[in-house]
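Student: I have a model open on my screen and would like to talk it through with you. Could we start with the terms and then go on to the details?

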Amino acid sequence: MSSPTGPAPGTPHFDADSPSPGAAPGLPVRMPRARQSGRHRKPEPLAAPEGAPALVLAVPGTPSAATRSLAEEVSSIARSELPGLDARIGYVDGGDEEFPSLEAVLSRAAAEQRARIGHDGQPADPGPAAVVVPLLAGPDSALLRRIRQAMMNSGSGAELTDVLGPHPLLAEALHVRLSEAGLARADRARLFTVATAADGIILATVGGDEAVQAAGITGMLLSARLAVPVLAAALDEEGAISRTAEQLRGSGSQQLALAPYLIGPEIADGLVGAAAAEAGCAAAEPLGAYGTVGRLVLSNYAAALGITLQPPGQAAPAR
């Protein structure tokens, strides 16, 4: 005898063309879509873990409206990549309500964490109250010492990440800034010619010898992109820019350009222009709130917490 094909006894059965229980008569039944599986399944959207430490962007330099706008844009890029992220801004040289100091921001994050522990009964050791990401392309030992001191003074137990570079994405951002200034081809593959394209690049940084060495790594990546020599030099070392310009010209470069390996807030206004005049060449803009800067800030935060992010892929358009 063949086995029955209908539902087992006691199992409710609904005809495919009949409404489900509780549905209004005559209305179609909306069935849940099956979850896609296999190689082409869309990844689940990533969000910040509940109770994750705050990301505190440590912003160097003299606070200003322009600095705040840049820092807010970088933070916004990070939030867009990781919904639910608690991103805050602390100024290394801040000290008031408009521009809160890094120490004050960290102290507040620690106080809020303690309040959550008391309210929710969380473990006695929930981890750092914040992860501090310096808004620096390269190392600056004097500035990093000040950041560490502010962290100690806050009593927050915050964790400090590395600076943003060296990194291939910063080489890409430098390329974009040079092309925006008409100093480099936007795309080698298209052989798009620029009459004013430089045949030698001075990669300007601050922070002493360590910063110059780190910038040199990104400089090699930039040189590979542009197929022109790139040498790093310190803006804060007297005569370094002009000596580097002479070295490039001595090796055959005739049309130089200065590319600031800087986010922007860490240098005084007019310093890049003065350095370009010293070298007798044009200059690109600092990296600023370019999309990859925000992504690298988030990447450093995620690495500190062991969060796996989606591959960055193509960079966002310049901002």
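Tutor: Let us begin with a term: a residue counts as buried when its relative accessible area is under 20%. Please keep in mind throughout that this is a predicted model.

Student: Okay, so how many residues of strand 1 are buried?

Tutor: Strand 1 is mostly covered, with 6 of its 6 residues buried. Both of its faces are covered, since A54, V56 and A58 are buried on one side and L55, L57 and V59 are buried on the other.

Student: And what is the strand order in the sheet of strand 1, strand 2, strand 3 and strand 4?

Tutor: The order is 2-1-3-4 in an open sheet of 4 strands, and the pairing is parallel. Its edge strands are strand 2, residues 87-91, and strand 4, residues 159-160, each of which pairs on one side only. Helix 1 packs on this sheet, where it touches strand 1 (54-59) and strand 2, and the direction of helix 1 makes about 155° with that of strand 2.

Student: How many bridges join strand 1 to strand 2?

Tutor: There are 5 bridges between strand 1 and strand 2, which run parallel, and strand 1 also pairs with strand 3 in the parallel sense over 5 bridges. A58 is a useful residue to look up here, as it stands opposite G90 in strand 2 and has P134 as its bridge partner in strand 3.

Student: What about strand 3 and strand 4, how many bridges there?

Tutor: Strand 3, residues 130-134, is joined to strand 4 by 2 bridges, and the two strands run parallel. For V132, the bridge partner in strand 4 is L160.

Student: Switching over, what order do the strands take in the sheet that contains strand 5, strand 6, strand 7 and strand 8?

Tutor: That open sheet has 4 strands in the order 6-5-7-8, with parallel pairing. Strand 6 (230-234) and strand 8 (282-283) each have a single partner strand, so one side of each is left without a neighbour in the sheet. Strand 5, residues 200-205, pairs with strand 6 in the parallel sense over 5 bridges, and the bridge partner of I201 in strand 6 is V230.

Student: Which strands does helix 6 lie across?

Tutor: Helix 6, residues 240-250, lies across strand 5, strand 6 and strand 7, running at about 160° to strand 6. Helix 4, residues 168-180, lies across strand 5 and strand 7 (256-260), and runs at about 130° to strand 7.

Student: New topic: what volume does the largest pocket have, and which residues lie nearest its centre?

Tutor: The largest pocket has a volume of about 460 Å³. It is lined by 23 residues, of which A66, L70, G264, P265 and D269 lie nearest its centre. The lining divides into 10 nonpolar, 7 polar and 6 charged residues.

Student: Which helix gives the most to that lining?

Tutor: Helix 1 gives the most to the lining of the largest pocket, with 4 residues. Helix 1 (65-81) and helix 7 (271-279) each supply at least two residues of that lining.

Student: Last one, how many cavities of 30 Å³ or more turn up in the whole structure?

Tutor: The search finds 1 cavity of 30 Å³ or more, and the largest cavity has a volume of about 40 Å³. The residues lining the largest cavity are L136, A137, G138, T205, V206, Y261, L262 and E266, and they divide into 5 nonpolar, 2 polar and 1 charged.

Methods. Residues are numbered from 1 along each chain as its sequence is written. This is a predicted model: local features need pLDDT of at least 70, side-chain atom pairs count only at pLDDT 80 or more; totals for chains, interfaces and linings use all residues. Side-chain values use heavy atoms; hydrogens and water are left out. On a 1 Å grid over the protein atoms alone, a cavity is a set of points where a 1.4 Å probe fits but cannot get out, and a pocket is an open set with protein on both sides within 12 Å along at least five of seven lines; lining residues have an atom within 4 Å of a point. Grid points are joined across faces, edges and corners, and a volume is the space filled by probe spheres set on the points. Ala, Val, Leu, Ile, Met, Phe, Trp, Tyr, Cys and Pro count as nonpolar, Asp, Glu, Lys and Arg as charged, and the others, Gly among them, as polar. Two strands pair if DSSP finds at least two bridges between them. Contact means heavy atoms within 4.5 Å. Axes are lines fitted to C-alpha atoms, for helices over the stretch in contact, and angles run from 0 to 180 degrees between N-to-C directions. Buried means under 20% relative accessible area, exposed over 50%, partly exposed in between (1.4 Å probe, protein chains only).
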